[in-house]
Amino acid sequence: MYEQGPIRPPSEANSLLVRVTRNCPWNQCIFCPAYKGSKFSKRTVEEVKNDIDEMKKEYGSYSAEIKTVFLQDADSLILKTDDLIEIISYIKLKFPSVSRITSYARATTLKRKTVEELKKLKEAGLNRIHTGMESGSDIVLKFVKKGITASDIIEGGLKVKEAGIELSEYIMPGLGGKSLSEIHAKETARVLNIIEPHFIRVRTFAIHPFSPFAKMAKEGTFVPMNDEEIIREIRLLLENLREMRSYFSCGDFSLNLLMQLDGYLDEKKKEMLNLIDRYLSMDEIKKKAYSLLRRASFFNYPLEILESDEFIKKILPEIERIEKNYQEGFDGYIRHLMSYQLPQPQSEAWN
Ligand code: SF4
């Protein structure tokens, strides 16, 4: 038997999952359910190698089909560089067909590595790093207890790029609520413009019912944004991003309302802004109909669906029913639906 962690990026859906550490060494971000209630630990190189042997046995002749590997859990680069190189080399030995190895890492961990260490990891076979910056605003980062600053994000990100490793930065529209929306969008764009990562992956914020955000929203100390407001925030972000060679991606995450916002900024920025403007120009009922349709399923729908009178006629009674009966109103109902798409914490005790 071998161990596997609870999550991986959507782009690693077909990857072999090799767990090199357990859980998250920080684990304090107040929006993140993934590892709450679990303790961080490092695994020994021997343990991980045994897992790789077990995987090799399990996959047998299918091993040759495995092309990509993701190192779990939240911050694999926290391991000593030499240990990580030994693990990556062993993966390559046992699964020679693997052409891509990727990992999550925190900005502070990346900052601590030297470019030379990162280059050695790249030479061993580490091709891509996924890192959750969430925001480029120090105010938002502090508010959500992310434990990193904009300058950590920039320093860590630039080192990764200098080492020749692909960089995927994750951002979270809506995270600052209404009061911090503008600074969140503008500062996030500022930081991304400096780093110019290979990928900018959008992860629209949703409130987990156990999270401190749920309590703050109830008490009125945090004012969550609705779908339209978050799209306006994304518009401000996009407007402030340079037309650079970064892939702006909403398409790989179903909590993003407009999953169609997807493409290289130097090719599609204007097209994406136009799409947002089309959405924003729709009347309130159509916007609500689209939110309900998208939030009630994992599927993406083109905005054209709203041109069908028949569709609007069918969905209108449901919108009216929610508005009349749901205590927190239509937006509260949508937030409730969105929370189902979040990972579940490993304990209800979320401190
Ligand atoms: S967002 Fe990342 S760093 Fe923060 S608690 Fe979750 S896994 Fe850990």
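Me: How do the residues of the lining of the second largest cavity divide into nonpolar, polar and charged?

Reply: Rolling a probe the size of a water molecule over the atoms shows where empty space is left. On a 1 Å grid over the protein atoms alone, a cavity is a set of points where a 1.4 Å probe fits but cannot get out, a pocket is an open set with protein on both sides within 12 Å along at least five of seven lines, and lining residues have an atom within 4 Å of a point. Here the second largest cavity has five nonpolar, two polar and two charged lining residues; Ala, Val, Leu, Ile, Met, Phe, Trp, Tyr, Cys and Pro count as nonpolar, Asp, Glu, Lys and Arg as charged, and the others, Gly among them, as polar. This is a predicted model, in which local features need pLDDT of at least 70 and side-chain atom pairs count only at pLDDT 80 or more, while totals for chains, interfaces and linings use all residues. Residues are numbered from 1 along each chain as its sequence is written, and side-chain values use heavy atoms, with hydrogens and water left out.

Me: Which residues line the second largest cavity, and which helix gives the largest share?

Reply: Its lining is Glu134, Ile171, Met172, Pro173, His184, Ala185, Thr188, Glu233 and Leu237. Helix α7 (residues 177-195) gives three residues, the largest share. The space is about 50 Å³, where a volume is that filled by probe spheres set on the grid points, joined across faces, edges and corners.

Me: How many cavities of 30 Å³ or more are there, and what lines the largest cavity?

Reply: The count is four. The largest cavity holds about 110 Å³, and of its 13 lining residues Phe205, Met225, Ile230, Arg335 and Met338 lie nearest the centre. Helix α13 supplies four residues, the largest share, and α9 (227-240) supplies at least two.

Me: Where are the two largest pockets?

Reply: The largest pocket, about 940 Å³ in volume, is lined by 39 residues, with Ile7, Cys32, Ala34, Tyr104 and Pro343 nearest its centre. Strand β6 (residues 126-134) gives the most to that lining, four residues. The second largest pocket has about 340 Å³ of space. Its 13 lining residues include Ile207, Pro209, Ala214, Glu328 and Arg335, which lie nearest its centre. Arg335 is thus named again, having appeared by the centre of the largest cavity.

Me: Which way do the side chains of strand β8 point?

Reply: In a regular strand the side chains alternate between the two faces of the sheet. In β8 (residues 199-202), Phe199 and Arg201 point one way, Ile200 and Val202 the other, and all are buried (under 20% relative accessible area, against over 50% for exposed and partly exposed in between, 1.4 Å probe, protein chains only). Helices (H or I, at least four residues) and strands (E, at least two) are DSSP runs, numbered from the N terminus.

Me: What does β8 pair with?

Reply: Two strands pair if DSSP finds at least two bridges between them. Strand β7 (residues 166-171) pairs with β8 in the parallel sense over four bridges. Strand β9 (residues 247-249) also runs parallel to β8, joined by three bridges. Phe199 is the bridge partner of Ser168 and also of Tyr247 in β9.

Me: Why does Cys250 form no disulfide?

Reply: A disulfide is a covalent bond between the sulfur atoms of two cysteines. The cut-off is a pair of cysteine sulfur atoms within 2.5 Å, and the count here is zero. Cys250 forms none because the closest cysteine sulfur, in Cys32, is 20 Å away, too far for a bond. Cys250 is buried, with a relative accessible area of 1%.

How values were computed
A crossover is right-handed if, with the strands pointing away from the viewer, the path from the first strand over the helix to the second runs clockwise.
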